[in-house]
Every structure is written in C-alpha cells, then in structure tokens.
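Work through the exercises below with the model open beside you, and try each task before reading its solution.

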Amino acid sequence: MSKVFLIGAGASAEAGYPITKELIYPVAHYLVEYKKNEKGRPSRLEQYLGTVYSLDEHGLESAACLWDEFVNVPSGQAPKRLPDTELMPSIMEILSVVDVAIAEQWSLGPSREGHSPSRKSRELKGNELQRVRERLVAALLTGFMQLDRTRPYHHAFELLAKSLHRDDVVVTTNWDTLLDRAICCETSAPPAYGTLGARLVDYLGHDLKQQETSESRRLYKLHGSFNWQYCPRCGNLYVNPNKIIMPVEGARLSSLDRECHCGAEMDGLVVTPSFVKRYLNVHLGNIWRGAQKALEAAREWIFVGYSLPNDDLWIRAMLLRAVVIRRGQKTPPIIHMVSHKKDLELESRYRQLFQADIQFHPAGFLSFLAQ
Ligand SMILES: [Zn+2]
C-alpha cells in the first residue's frame, strides 16, 4: 500500500523558494555583491555574461534589489513572486551553452573588457568556462543559503514527513534542505538517502552520532543536494541532514571542513538545470535505481509541484520504464498530481505521457494533505 511522492520545485515554491526560471535573480545578487567586495572588479561570470549575452550592468542592480526583498520579507508577510525578466537569458540556457561549449571544446572569447585598458581579457574556453560554471553554481548556492537562513521550514513538508510510512518513498528534484530537515525533525531519525553508503557528518566533518537506521524514512534526491559533499578520490559521500555543506569555489564558507577522511578535497554533488544533464556519479545512479524500484512497487504515485517538462527526458524515461513494467504485471498505479493552481497545459502534459486517469488537485499541497 506504499506511496511514492515525486516532489518538484513548485512544492518548495509554496515555502517561498524560487522556481527554475527565477534563479537568475540570485545570480544577479551574487554578481553585485562580488563587485562590491572586490572594489569594483567584476566576477569572471559577469565578464562571460557581458561578452556572450551583452548583459546590462545597470539592470543587475535592480534585479539584485528584488532578490534582497524576496529573501528578507518582513515577518508575517509572504514573499512576492519575482517578476519575469529579460535581463539575462534563463539559467537553463546559460548552463546548457557552457556545458556544450566545454564538451565540444568551443571558445566564446576573448572576453569584452571595454572599461579598463589595464584589465586583461579572458579566453572563454576550456578551464576558463569551467570556472565560469563554478561561479554560476556558487551564485545559486549562495542564494539558497540565504533562504536556508530566513525560511528553513515548510509546514506542508512537516505534515508530509509526519504522515510517511516505512515503505513510502519521497523522490525530489530539489537541492534545498527543506525535506531533509522536515523528515529529520518529524521522525527523529535522519533520512535514508538511497546512496551507496553515506556518512552523516557535522559542519566540521566529524561523524554524527545518529546515522541512518532501518526506521529512517527514504528521501531520494535525483539531482543531488546542497547538504552533500562528495569525494572524487575515494567516492565517499558526506551528508549533513540539517545544514548546507556543499563546497564550491567562490562561495564564502570559511569554517566548512572540505577534507575527506581519505585526505582529498571534497566537491559538491548537484545536477544543475541544463539540457545536457549527466548522472554518471555512482551515488546518483543508485538513487535513480531506487526511485525506479519504488515506482515499480508503489500503489500510488503522487506528483507535487513537478511540471513534467518536455526536456526532462531522464525522469520521463524513468516513469515510462516503470509504467511498462507495471503494465506487464497488470497493476497500474493510482496517479495524483498536486499543483498550486489550475494549469491546463500541465494537465495535458501529464495525460499525454501516462494516457491514464489522473487525479488533479489544484489547491496546493497543504490542502491535499488535509484530505
Ligand atoms: Zn575520500
């Protein structure tokens, strides 16, 4: 009688977190702060965006202000949604082009350095693009750390965590720590992440007393998480269920321990929005397999705030593999889709993929859980 919850960015958005198309705002904020801290010297990410997309420097300031207002909402008020902007292309576009340019060994340089004759322009290829990419990820991480400080809880996730049975599985595409924290608090045990082993550690890298147990509720994070560190030498994964510990070049996390027990420097493990995603990491492979197994067995599939985008081929293919297996066993799942408003295009995407009866719940996750 188990359930699989597939939680997308729309579910965290109900807690005041940005959805993918709004992620350009924390990037603008990061660039403005960077320049302030570096006495007017722009980040290489800004140089890249200026060269490739003719980024409007003045627009950056106003976008950064809007992000500030979004993060620091006076208590008791709900954050206003961020407006659509044409200031920069989407984060999806920026990351996809950088990823393809690295893979195909393209150059987009030299960078445009109009203002200062003393400033050297950069060749935007290879390692330089890799560093531009690191700055983008650092900008996203910095934005989510601000939210983690100002709004660390989501009531709907707390209710979800309370209602979970041992056989239920929560699968999510989100990197934020709202679900981790809710499960940790409500079940008094850290979540089981479905990785090939994970050490639960504190901020300083010491092992936590409480590790995953057989009672832990399962939380499978398909795109990795901001509260993970991965060792590219021995393959260990470190997790802090309550705090962001992802290390990134360019994000200021001075007290964070980045050294693996094996002595090598730890990296982050997140799959960023891009048309060319890669899931070769061994831990992610295991998580995806666990998610599919759960879909093969569960009585109900409950999608929450997941928009089922046409280009998300990996999730679509996983769902279809599970559908085909279930058809062979003649046990189709009961499918629910929870969103925060009626959306006909969304409903049509779900119907087209599954060709089945789907129960739509457009009144939000809280109201669904209260049923
Ligand atoms: Zn290691």
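The exercises that follow concern a predicted model, and they go from the whole chain to single residues.

**Exercise 1. The chain as a whole**

Task: Describe the secondary structure of the chain, and decide how its radius of gyration relates to the globule rule.

Solution: Begin with the secondary structure, which comes to 12 helices and 10 strands. Next take the radius of gyration, which is 21 Å and close to the 21 Å that the globule rule gives for 371 residues, so the chain is as compact as a globular protein of that length. Along the principal axes, the C-alpha atoms fill a box of roughly 70 × 50 × 45 Å. Then consider burial, where buried residues account for 39% of the 371 residues. Finally, look at the contacts between residues at least 6 apart in sequence, of which 76% join residues at least 24 apart.

**Exercise 2. The open sheet**

Task: Find the order of the six strands in the open sheet, and say which strands stand at the edges.

Solution: Following the strands across the sheet gives the order β4-β2-β1-β8-β9-β10, with parallel pairing. At the edges stand β4 and β10 (358-361), each of which has a single partner strand, so one side of each is left without a neighbour in the sheet. From one strand to the next, the twist averages 20 degrees. Two helices can then be placed against these strands. Helix α11 (residues 344-354) packs on the sheet, where it touches β9 and β10, and its direction makes about 165 degrees with that of β10. Helix α8 lies across β1, β2 and β4, and it runs at about 170 degrees to β4.

**Exercise 3. Strand β2 and its partners**

Task: Work out which way the residues of strand β2 (residues 169-172) point, and how many bridges join β1 to β2.

Solution: Start with the side chains: V169 and V171 point one way from β2, V170 and T172 point the other way, and all are buried. Turn next to strand β1 (residues 3-7), which runs parallel to β2 and is joined to it by four bridges. Within this pairing, F5 has V170 as its bridge partner, while I7 stands opposite T172. Lastly, β2 also pairs with strand β4 (residues 218-221) in the parallel sense over four bridges, and here V170 stands opposite L219 in β4.

**Exercise 4. Helices α5 and α6**

Task: Decide whether α5 and α6 are roughly parallel or antiparallel, and name the residues through which they meet.

Solution: The first step is the angle, which is about 155 degrees, with the two axes 10 Å apart. Since angles over 145 degrees count as roughly antiparallel, α5 and α6 are therefore roughly antiparallel to each other. The second step is the handedness of their crossing, which is left-handed. The third step is the contact itself, where I94, L95, V98, A101 and I102 in α5 meet L129, Q130, V132, R133 and L136 in α6. The loop between α5 (91-103) and α6 (126-150) contains P110, and the peptide bond from G109 to P110 is cis, with omega near 0 degrees.

**Exercise 5. The buried residues of helix α3**

Task: Identify buried residues in helix α3 (residues 44-53), and say which helices they pack against.

Solution: The buried residues in α3 include L45, E46, Q47, Y48 and L49. Tracing the buried residues of α3 outward, one finds that they pack against α2 (24-37) and α6. Just after α3 comes S54, which takes a positive phi of about 45 degrees.

**Exercise 6. Positive phi in two loops**

Task: Locate S188 and K330 in their loops, and determine whether each counts as buried or exposed.

Solution: Take S188 to begin with, which is found in the loop between α8 (178-187) and β3 (199-200). S188 is not a glycine, yet its phi is positive, at about 55 degrees. A residue is exposed if 12 or fewer other C-beta atoms lie within 10 Å of its own, and S188, with 9 C-beta neighbours inside 10 Å, therefore counts as exposed. Now repeat the steps for K330, which lies in the loop between α10 (313-329) and β9 (334-338). K330 likewise has a positive phi of about 55 degrees although it is not a glycine. Because K330 has 6 C-beta neighbours inside 10 Å, K330 too counts as exposed.

Definitions and conventions:
Residues numbered from 1 in each chain as written. Predicted model: local features only at pLDDT ≥ 70, side-chain atom pairs only at ≥ 80, totals over all residues. Buried ≥ 20, exposed ≤ 12 C-beta atoms within 10 Å, placed from the backbone. Pairing = 2+ DSSP bridges. Rg over C-alpha atoms; globule rule 2.2 N^0.38 Å. Contact = placed C-beta atoms within 7 Å. Axes fitted to C-alpha atoms, helices over the stretch in contact; angles between N-to-C directions. Parallel < 35°, antiparallel > 145°, perpendicular 65-115°, else oblique. Left-handed = near helix turned anticlockwise from the far one by under 90°.
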